[in-house]
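Here is a set of short questions about how labels are earned. Each reply sets a value beside its cut-off.

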Amino acid sequence: MSTIFMSPDWFLGYDVIFELFFFIISLVIALYALKVYRSTNQKLAQYFGYGFLLTAAAYIVQSISNYLVYSKLNTQICQIANLASSSTVDAIGTYVYMLLMIAGLVVLLFVSLKSDKQRTLWILLSASIIAIMLSRNPMYTFYLLSSIYLAFIAWHFVENYLKNKQAITLTVALAFIFLWFGTFHFLISVDHATFYVIGHILGLFAYIMILINWYLVKK
Amino acid sequence: MSGKRDRVAIMNDMLEFIREKNGDAKPTHIMYKANLSNEMLTEYIKELLKKEFIIEHKDKDEKRTYSLTDKGFKFLTEYTKMKGFLAAYDLN
């Protein structure tokens, strides 16, 4: 997440490309889900679209933030905005990323719960945001919450695969298992620079699975 | 797609039946197949004609039949893909 503190030097720049890829795939899925909602009036498809839209927004913020850190633009932005240090831009980017991503995951969790009570969504969302904002270690709290939410989302998709054993359900289940492990790994890892790379690679596997799923659905 | 059939699901059922009949779908058959009242059938047929998913044919006795247009075929294909998407992510 925060490049200054976590990314190994040799990985600088590659992460921006990874995040742009995640952004594009998330956006495609979000827009298609919203199209499906307009055609079928399936409310869950609408929420699912919003969830992926927030995820896509999180990835583009992360990608831009990381790009700014490597480039000279960061210093110029600091001068224009009168910010104390160049790491401020990265810190803001990291915070916005965490809030958008947790909001996206909460919406996807809400979809997997199949609850028709919107209050469930707002309670989960407000509790998650408050927990991150008030935490002494926001990043750890973010990864802890994301791991719990992704575990439940992945579990839901595994159950869906077991009910309906098809390639389209298998690819979705695998994608969310990869995403969960990529996040959970942070909590148990000692070397966060290695985590950063492994997290991105697992994310890549996950989004390749989502892309394969997209191909299977659309062919 | 859900417990209660929505408008699009009903239109899909009607279009699938019309496709099966290969240009010889009679209104009464569509009504029974899609489980609609006469009033609802008229309303849905109007909508499908307006969307240019079907075309109407009349024989010498003024009896009506319906067949699918290219747009209707495309809708059916796209709807099948959408159902696949909903099933993949369990959004039904």
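Q: Why is A:Ala103 called buried or exposed?
A: A residue is buried if 20 or more other C-beta atoms, placed from the backbone, lie within 10 Å of its own, exposed if 12 or fewer, and partly exposed in between. A:Ala103 has 20 other C-beta atoms within 10 Å, so A:Ala103 is buried. This is a predicted model: local features need pLDDT of at least 70, side-chain atom pairs count only at pLDDT 80 or more, and totals for chains, interfaces and linings use all residues. Residues are numbered from 1 along each chain as its sequence is written, while chains are lettered from A and ligands numbered from 1 in the order in which they are written.

Q: Where is A:Ala103 found, and what does A:Ala103 touch?
A: A:Ala103 is found in helix H5 of chain A. Helices (H or I, at least four residues) and strands (E, at least two) are DSSP runs, numbered from the N terminus. Not counting residues up to four places away in sequence, A:Ala103 touches A:Leu54 and A:Leu125. Contact requires C-beta atoms, placed from the backbone, to lie within 7 Å.

Q: How far apart in space are A:Ala103 and A:Phe205?
A: They are 22 Å apart, C-alpha to C-alpha. In sequence, 102 residues separate A:Ala103 and A:Phe205.

Q: What makes A:Leu125 buried, exposed or partly exposed?
A: A:Leu125 has 17 other C-beta atoms within 10 Å, and therefore A:Leu125 is partly exposed. A:Leu125 lies in helix H6 of chain A. Setting aside neighbours within four places in sequence, A:Leu125 is in contact with A:Ala103 and A:Val106. A:Leu125 and A:Gly104 are 21 residues apart along the chain, and their C-alpha atoms are separated by 9.3 Å.

Q: How do you know what reach is expected of helix H6 of chain A?
A: The expected span is 1.5 Å times one less than the number of residues. Helix H6 (residues 118–134) of chain A has 17 residues, and the expected value is 24 Å. From first C-alpha to last, H6 reaches 24 Å, close to that value.

Q: Which residues of H6(A) are buried, and why are they said to share a side?
A: The buried ones are A:Leu124, A:Ser128 and A:Ile132. They cover an arc of only 50° around the axis, so they sit on the same side of H6(A). The arc is that of the directions from the helix axis to the C-beta atoms. Their cover includes helix H5 (87–113) and helix H7 (138–163) of chain A. The face turned away from the buried side carries exposed residues, among them A:Gln118, A:Arg119 and A:Trp122.

Q: What makes up the largest nonpolar core?
A: A nonpolar core is a set of buried Ala, Val, Leu, Ile, Met, Phe, Trp, Tyr and Cys residues joined through C-beta atoms within 7 Å. The largest has 86 residues. Those with the most contacts inside this core include A:Leu100 and A:Phe176. H5(A) gives the largest share of this core, 14 residues. Beyond its neighbours within four places in sequence, A:Leu100 is in contact with A:Leu54, A:Ala57, A:Ala58 and A:Val61.

Q: How many helices and strands does each chain have?
A: Chain A has 9 helices and 0 strands. Chain B has 4 helices and 2 strands. Along the sequence, chain B follows the pattern α-α-α-β-β-α.

Q: What share of each chain counts as buried?
A: In chain A, buried residues make up 47% of the 219 residues. In chain B, 25% of the 92 residues count as buried.

Q: Why is B:Glu62 called buried or exposed?
A: B:Glu62 has 6 C-beta neighbours inside 10 Å, so B:Glu62 counts as exposed. B:Glu62 is in the loop between strand S1 (54–58) and strand S2 (64–68) of chain B. Its phi is near 65°, a positive value in a residue other than glycine.

Q: Why is B:Asp90 called buried or exposed?
A: B:Asp90 has 20 C-beta neighbours inside 10 Å, so B:Asp90 counts as buried. B:Asp90 lies in the segment after H4 of chain B. Phi of B:Asp90 is near 50°, a positive value in a residue other than glycine.

Notes. Two residues are in contact if their C-beta atoms, placed from the backbone, lie within 7 Å.
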